[in-house]
Amino acid sequence: MNFAFVSGDPALDLAGTVGSRRDGPVDLLAAPADLERWVAACEGLPDRVAADPAGFASALSLREAVYRLALDRVHGRPFDPGSLAIVNGTAAVPTLSVELGDAGLCVSGDLPAVLSHLARSAAAVLADPHACLKECGRSGCTRVYLDRSRGARRTWCGMDACGNRVKAAAYRARRRASTAAGNRVPGGTA
Ligand SMILES: [Zn+2]
């Protein structure tokens, strides 16, 4: 299963590792090894971190806290205190270290440092009054993303993941409608 990094923020991408949250959640992080793969795939995080069961549990609890707070922002309601405590507590831990060299940026740190980085990133987004957080317009996706487009006109979390599916569904619906209005093909099922 491929991870999607379309939310505009790594912490929101972490929250997006559970899809279809309302009807039949799909969790892409089933085991510590999945988290290790996710960290390796996420830009700006170390290539290799070891996730033990306790670290994995912390990551999942941070993930759910970030999702809850992001949803609070989307709905314009006060932040959930328990989730705030998780994000703030995680952000209080020393974070990743970065080193610039001719080969680029070398990012290093262990899993707690990674989670601290993600918590700080979430805090920065959630504190920004100009950050436009939205839930994806494809019903059932439930991913929350940061809309950085001009005029904040994005409707879907990412075109590949959702926009094309919505457009294809609308196209099929129009075709069905025009087929129903026109001559039916004998024996046709469309
Ligand atoms: Zn989506």
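Thr-142 lies in the loop that connects β5 (133–135) with β6 (144–146). In this predicted model, Thr-142 has a positive phi of about 65°, although it is not a glycine. Most residues other than glycine have a negative phi. Is Thr-142 buried or exposed? Thr-142 counts as buried, because it has 20 C-beta neighbours inside 10 Å and the cut-off for a buried residue is 20 or more.

A positive phi also occurs at Ser-20, where the angle is about 45° and the residue is again not a glycine. Ser-20 sits in the loop between β1 (18–19) and β2 (26–27). With 14 other C-beta atoms within 10 Å, Ser-20 is partly exposed, because that class covers the counts between 12 and 20.

Gly-19 belongs to strand β1. Its count is 18 C-beta neighbours inside 10 Å, so Gly-19 is classed as partly exposed. Which residues does Gly-19 contact, leaving aside its neighbours within four places in sequence? They are Val-26, Cys-141, Thr-142 and Arg-143. Thr-142, the loop residue with the positive phi, is therefore one of the contacts of Gly-19, by the criterion of C-beta atoms within 7 Å. Val-107, in contrast, is 28 Å from Gly-19, C-alpha to C-alpha, and 88 residues from it in sequence.

The next topic is the pair of strands β3 and β4. Strand β3 (residues 97–101) runs antiparallel to β4, and five bridges join the two. Together β3 and β4 form a hairpin, with two residues between them. Which residue of β4 is the bridge partner of Gly-101? The partner is Gly-104. Further along the pair, Glu-99 has Cys-106 of β4 as its bridge partner. Both strands are hardly covered: among the five residues of β3 the count of buried residues is zero, and among the five residues of β4 (residues 104–108) the count is zero as well.

The helices bring the discussion to the nonpolar core. The largest such core has 36 residues, and Leu-62, Val-66 and Ala-70 are those with the most contacts inside it. At least two residues of this core come from each of α1 (10–15), α2 (32–41), α3 (53–74), α4 (81–91), α5 (111–127) and β6. The largest share, eight residues, is supplied by α5. What does Leu-62 touch, not counting residues up to four places away in sequence? Its contacts are Ile-86, Val-87, Thr-90, Leu-115, Leu-118 and Ala-119.

Two packed helices are described by the angle between their axes and the distance between the axes. For α3 and α5, the axes come within 11 Å and cross at roughly 5°. That angle makes α3 roughly parallel to α5, because angles under 35 degrees are placed in that class. On the α3 side, the residues that meet α5 are Gly-55, Ser-58, Ala-59, Leu-62, Val-66, Leu-69, Ala-70 and Arg-73. On the α5 side they are Leu-111, Pro-112, Leu-115, Leu-118, Ala-119, Ala-122 and Leu-126. Leu-62, Val-66 and Ala-70, named above for their contacts inside the core, are among the α3 residues in this interface.

How do α4 and α5 lie relative to each other? Their axes come within 7 Å and cross at roughly 125°. The two helices are therefore oblique to each other, because 125° falls in none of the parallel, antiparallel or perpendicular ranges. The crossing of α4 and α5 is left-handed. From α4, the contact is made by Val-87, Thr-90 and Ala-91. From α5, it is made by Leu-115, Ser-116, Ala-119, Arg-120, Ala-122 and Ala-123. Among these, Val-87, Thr-90, Leu-115 and Ala-119 also touch Leu-62.

Helix α4 also holds Ser-83. Ser-83 has 22 other C-beta atoms within 10 Å and is therefore buried. Not counting residues up to four places away in sequence, Ser-83 touches Ala-65, Arg-68 and Leu-69. The C-alpha atoms of Ser-83 and Arg-68 are 6.9 Å apart in space, and the two residues are 15 apart in sequence. Leu-69, another contact of Ser-83, is in α3 and is one of the residues there that meet α5.

How values were computed:
Residues numbered from 1 in each chain as written. Predicted model: local features only at pLDDT ≥ 70, side-chain atom pairs only at ≥ 80, totals over all residues. Helix = DSSP H or I, 4+ residues; strand = E, 2+ residues; numbered from the N terminus. Pairing = 2+ DSSP bridges. Core = buried A, V, L, I, M, F, W, Y, C linked by C-beta atoms within 7 Å. Contact = placed C-beta atoms within 7 Å. Axes fitted to C-alpha atoms, helices over the stretch in contact; angles between N-to-C directions. Parallel < 35°, antiparallel > 145°, perpendicular 65-115°, else oblique. Left-handed = near helix turned anticlockwise from the far one by under 90°.
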